[in-house]
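Here is a walk through one protein chain, from a single residue out to the whole fold. Keep the structure open while reading.

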Amino acid sequence: MKNIRPAVLRLGAVVAVFGVLVAGCGEDSDLSRPTVTLEVSRGQADTLLADIEQALPAGARFEPPAANENDCYKPHSESADGRRQAGRLATVSGLPEERQAEVYAAARAYFGAHDFKITKDVDKVLTGTRSSDGFLAMLYGGLAPGQLMQVSVRAPCVWPDGTPQPMR
């Protein structure tokens, strides 16, 4: 039974991140505005994740991050609107459990110094949204034996080529 617990915790973390990614898709109700391209958004997500990694305490590092993309949805609708959302997810490693609290402290300091408004800071979850562009960053998990600590970044929804699709 002991070997099942890490797998269950990983599955729970993936489900939680997916829920956050999908839930945030309808934040911009003005679908007529141009956006950066999806390619630019992906690059910004990669840069943000790398910047957060650099801000972590000495010895902390990211395992190779996973890239994901999701459809975005019209506000108050179950219909995809043609926009896409880039996301990145990385597992933090390299630190003994007794130093994991330093990761949370470093992430709080990074958020404070880089235009992020902390929207949640409770029970092994730290979430912030960057005011300038709507990027969301989240640190969660860890601090207990066998638990993963992960960092997730989510870009705002963008038009793949930056140009809004004609209204249908």
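**A walk through the chain**

L139 counts as buried, because its relative accessibility is 2%. This is a predicted model. L139 lies in strand β6. Which residues does L139 contact, leaving aside its neighbours within four places in sequence? They are V103, Y104, A107, K124, V125, L126, M149, Q150 and V151. A90 is 49 residues from L139 along the chain, and the C-alpha atoms of the two are separated by 9.6 Å.

Now step back to the whole chain. The protein chain has 168 residues, and 38% of them count as buried. It holds 3 helices and 7 strands. Read from the N terminus, the order is α-α-β-β-β-α-β-β-β-β. Take the contacts between residues at least 6 apart in sequence: 60% of them join residues at least 24 apart. The chain exposes about 9,200 Å², with 56% of that supplied by carbon and sulfur atoms.

How confident is the predictor? The mean pLDDT of the chain is 84. A value of 70 or more is reached by 80% of the residues. Residues 1-26 are another matter: pLDDT stays under 50 there. For that stretch the model has 28 contacts beyond four places in sequence.

Three of the contacts of L139, namely V103, Y104 and A107, lead to helix α3. These three are among the buried residues of α3, together with Q100, A106, Y110 and F111. The buried residues cover an arc of only 165° around the axis, so they sit on the same side of α3. On the other side of α3, G112 and A113 are exposed. What covers the buried side? The cover of the buried residues of α3 includes α2, β3, β4, β5, β6 and β7.

The length of α3 can be checked too. Helix α3 spans residues 100-113, which is 14 residues. At 1.5 Å a residue it should span 20 Å, and its end C-alpha atoms are 20 Å apart, so the two agree. Just after α3, D115 takes a positive phi of about 70°.

Next comes α2, one of the elements that cover α3. Helix α2 runs over residues 38-55. It has 18 residues and reaches 26 Å from its first C-alpha to its last, close to the 26 Å expected at 1.5 Å a residue. Its buried residues are L38, S41, A45, L48, L49 and I52. Seen down the axis of α2, they fall within an arc of 95°, so they line one face of the helix. E39 and Q54 are exposed on the other side of α2.

Pick out S41 from that face. S41 lies in helix α2. Is S41 buried or exposed? S41 counts as buried because its relative accessibility is 1%, and the cut-off is under 20%. Not counting residues up to four places away in sequence, S41 touches V36, A86, F135, A155, P156 and V158.

One of those contacts, A86, opens the way to the strands. A86 in β3 is the bridge partner of E69. Strand β2 covers residues 66-73 and strand β3 covers residues 80-93. The two run antiparallel, joined by 7 bridges. They form a hairpin with 6 residues between them. In the turn, H76 has a positive phi of about 60°.

A second hairpin is made by β4 and β5, with 2 residues between them. In its turn, D123 has a positive phi of about 40°. β4 and β5 pair in the antiparallel sense over 6 bridges. In β5, G128 is the bridge partner of I118.

Finish with W159, in the segment after β7. W159 is buried, because its relative accessible area is 3% and the cut-off is under 20%. Which residues are in contact with W159, leaving aside its neighbours within four places in sequence? They are L31, R33, T35, V36, T37, L38, D81, G82, R83, P164 and Q165. L38 is also one of the buried residues of α2, and V36 is also touched by S41. W159 and R84 are 75 residues apart in sequence and 6.3 Å apart in space, C-alpha to C-alpha.

Definitions and conventions: Residues are numbered from 1 along each chain as its sequence is written. This is a predicted model: local features need pLDDT of at least 70, side-chain atom pairs count only at pLDDT 80 or more; totals for chains, interfaces and linings use all residues. Side-chain values use heavy atoms; hydrogens and water are left out. Helices (H or I, at least four residues) and strands (E, at least two) are DSSP runs, numbered from the N terminus. Buried means under 20% relative accessible area, exposed over 50%, partly exposed in between (1.4 Å probe, protein chains only). Contact means heavy atoms within 4.5 Å. Accessible areas come from the Shrake-Rupley method with a 1.4 Å probe; for residues, only the protein chains shown count as cover. pLDDT is the predictor's confidence in each residue, from 0 to 100. Two strands pair if DSSP finds at least two bridges between them. The expected span of a helix is 1.5 Å times one less than its number of residues. The arc is that of the directions from the helix axis to the C-beta atoms.
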